[in-house]
Amino acid sequence: MSTTANRVGSVAVGFDAVGFSQDFPALHQLVHGKPLVYLDNAATSQKPRSVIDAITRFYEEDCSNIHRGVHLLSERATKAYEEVRLAVQQFIHAARPAEVIFVRGTTEAINLVAQSYGRTHVKTGDAVLVSAMEHHSNIVPWQILCEEKGSKLRVIPMNDRGELLLEEYEKLLTPETKLVAVAHVSNVLGTVNPVKQIIRMAHEYGIPVLVDGAQAVPHLQVDVQDLDCDFYAFSGHKMYGPTGIGILYGKKRLLEAMPPYQGGGDMISSVTFEKTTYNSLPHKFEAGTPNISGVIGLGAAIKYLARVGLDNVATHEHDLLAYATEQITRFSGVRVIGTAQAKAAVLSFVLDGIHPHDIGTILDHEGIAVRTGHHCAQPVMQFFGIPATTRASFALYNTEAEVDVLLRGIAKVQEMFA
Amino acid sequence: MMPDSRDIRDLYQDMIFEHSKRPENFHALPDANRKAEGFNPLCGDHFTVFLRLDNDTVTDISFEGLGCAISKSSASMMTASLKGKTKSQVQELFAQFQRLVTNRAIETDDEAELGKLVVFSGVCEFPVRVKCAILAWHAMMSALDQKADMVSTE
Ligand SMILES: Cc1ncc(COP(=O)(O)O)c(C=O)c1O
């Protein structure tokens, strides 16, 4: 039996999702005897062969430390590492390579800003503004900061479609507010927030904005200069790259004025026991030996995405989401959580009387990988008055046929619980 | 590929559906003298177990809360099987149930003692669901170990 039997028919005309799926080795396996249907891409996407090979090649041929050796291997590794910085700069349209800081992921990027920028600028009585749909990683670092500083965490409310209320937001742009931190795309609701407008409004009051782009970069073109965001954070592993590597983009002017986040090797230009002079950007924020193979894998992922074309990916995923949404709403007892006008690649839902955990186990038995739970966004669950959702999230290699497998799986779940 | 012998029906046996749809002892217990909460932060399942303990005997037991079919039916069947048991019998049954769902060598007389609870024998094939099956039991054990006067502090 062919494990690819169900990978037929993509939606977007001319977009060969089945063909692209051939590039991803992990997709071609049986799970509980059924062909894997991987719909947990918002948690992490699968990796194409080119990413896996780039990492292997680094360890087999160029393995060495960077920025320090005079030998050939170190030279090659340093060159490869710094070339990826340029690739990331182009990928997000940053003005300068020095504005691209390699970190462990979105979480570390946000913590860096909270600890470095936040501790410098947020004082007692000040406020940090987040939105009602944030991932825990864009809530907790600010809570830690606010706790330490005696400042307040304020929340931009949303409506029951999962759209932020911009009139309410405007009212929260008070003199106490020292930073706005908001998701570009919600990992639970799929909402694409109007971040450009959010940023423009904050800037009118002189308030800088951090955008959590973890769920945006795999699905839409990001131009940090056009957005005019002050910080932009994302993870490699949700955009077909390896785990353990992510990016903090920051405007040079802000990054230069910020104190280091961690101390160690590579981030200094001279050290005596009396005084240390910090290295220039971006190295000031890259203490210690970084995730070199991760950076190189990320470079391969960016190349892969460029080859497929992010606009094509966006169209394809949009079609899949529209199809899945239309089909799932025909079921009785299904409620879609997150029905914003602008959405990307995420379909969260609940089934009447059936707990998501049971749905997840039964779907897993049909070979379908989805995420169930609160998705690290408990305040969103509280807002909708539900303990958890089931979430299907799409990537460039998913097909309409796979959506059909999901729909049959849901029918089976309902049948079992009937 | 790994052969897969797990059948979804081994996990979701009919009795589990029955108890999750119509749980027994699913209410608060006004004259409880012990209670404890069990919470699974990974999936949000949350139960409160109420106990009435008189002279080391469980004279009444109930639960409240939200959870999946496995955790809810397990809580329901637990309350049904513990009523009237002494503290040491409860502790013994807890140990047997734990062995059942984690598939550690089941002792010969475990099955007889467990009675209907053996419908949870399929859980050990689903490692990520063990926590669901055992959640209310942990809450019950922590209620059992409380001092009687602690219940009012909540
Ligand atoms: C919106 C959002 N922000 C932040 C994160 C955290 O990303 P990471 O775990 O890669 O640091 C995630 C990932 O789950 C996310 O979806």
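This is a short walk through a predicted model, covering two domains, a ligand site and a chain contact.

Okay, housekeeping before the fun part. Residues count from 1 along each chain as its sequence is written, chains are lettered from A and ligands numbered from 1 in the order in which they are written, and side-chain values use heavy atoms, with hydrogens and water left out. Since the model is predicted, local features need pLDDT of at least 70 and side-chain atom pairs count only at pLDDT 80 or more, while totals for chains, interfaces and linings use all residues.

Right, chain A. The assignment gives domain 1 as 3–31 + 309–413 and domain 2 as 52–306; those bounds come from an automatic or database domain assignment. Taken over C-alpha atoms, the centres of domain 1 and domain 2 of chain A are 28 Å apart.

How do these two touch? In chain A, 36 residues of domain 1 are in contact with 31 residues of domain 2, where contact means heavy atoms within 4.5 Å. About 2,600 Å² is buried between domain 1 and domain 2 of chain A, 62% of it from carbon and sulfur atoms. By buried area I mean the accessible area (1.4 Å probe) that two parts lose on being put together, summed over both. On the domain 1 side of chain A, A:Leu310, A:Cys376 and A:Phe383 lose the most area to domain 2, together 22% of what that side buries.

How many salt bridges are there between domain 1 and domain 2 of chain A? Zero, taking a salt bridge as a side-chain nitrogen of Lys or Arg within 4 Å of a carboxyl oxygen of Asp or Glu. There are, though, 16 residue pairs in polar contact between those domains, both residues at pLDDT 80 or more. A polar contact is a pair of N or O atoms within 3.5 Å; within protein, one must be able to donate a hydrogen and the other to accept it, and residues adjacent in sequence count only if both atoms are side-chain atoms.

Helix 13 of chain A brings the largest share of the domain 1 side that touches domain 2, six residues. Helices (H or I, at least four residues) and strands (E, at least two) are DSSP runs, numbered from the N terminus.

On to the ligand. Residues around the ligand include A:Thr106, A:His135, A:Asn187, A:Asp212 and A:His237, "around" being a heavy atom within 4 Å. A:Gln215 has a polar side-chain atom 2.7 Å from a ligand oxygen atom. A:Ser235 puts a polar side-chain atom 2.7 Å from an oxygen atom of the ligand, and for A:Lys238 that distance is 2.7 Å as well.

Now chain A against chain B. This contact takes 17 residues from chain A and 23 residues from chain B, burying about 1,600 Å², with 62% from carbon and sulfur atoms. A:His357, A:His365 and A:Met416 supply 32% of the area chain A buries against chain B, more than any other three residues.

Which residues form the salt bridge here? B:Arg129 pairs with A:Asp358, with the closest N and O atoms 2.9 Å apart. Between chain A and chain B there are also eight residue pairs in polar contact. Helix 12 of chain A (residues 356–365) gives the largest share of the chain A side, five residues.

Last, two backbone oddments. A cis peptide bond joins A:Leu281 and A:Pro282, omega about -5 degrees; A:Pro282 is in the loop between strand 12 and helix 10 of chain A. And A:His93 has a positive phi, near 60 degrees, in the loop between helix 3 and strand 4 of chain A.
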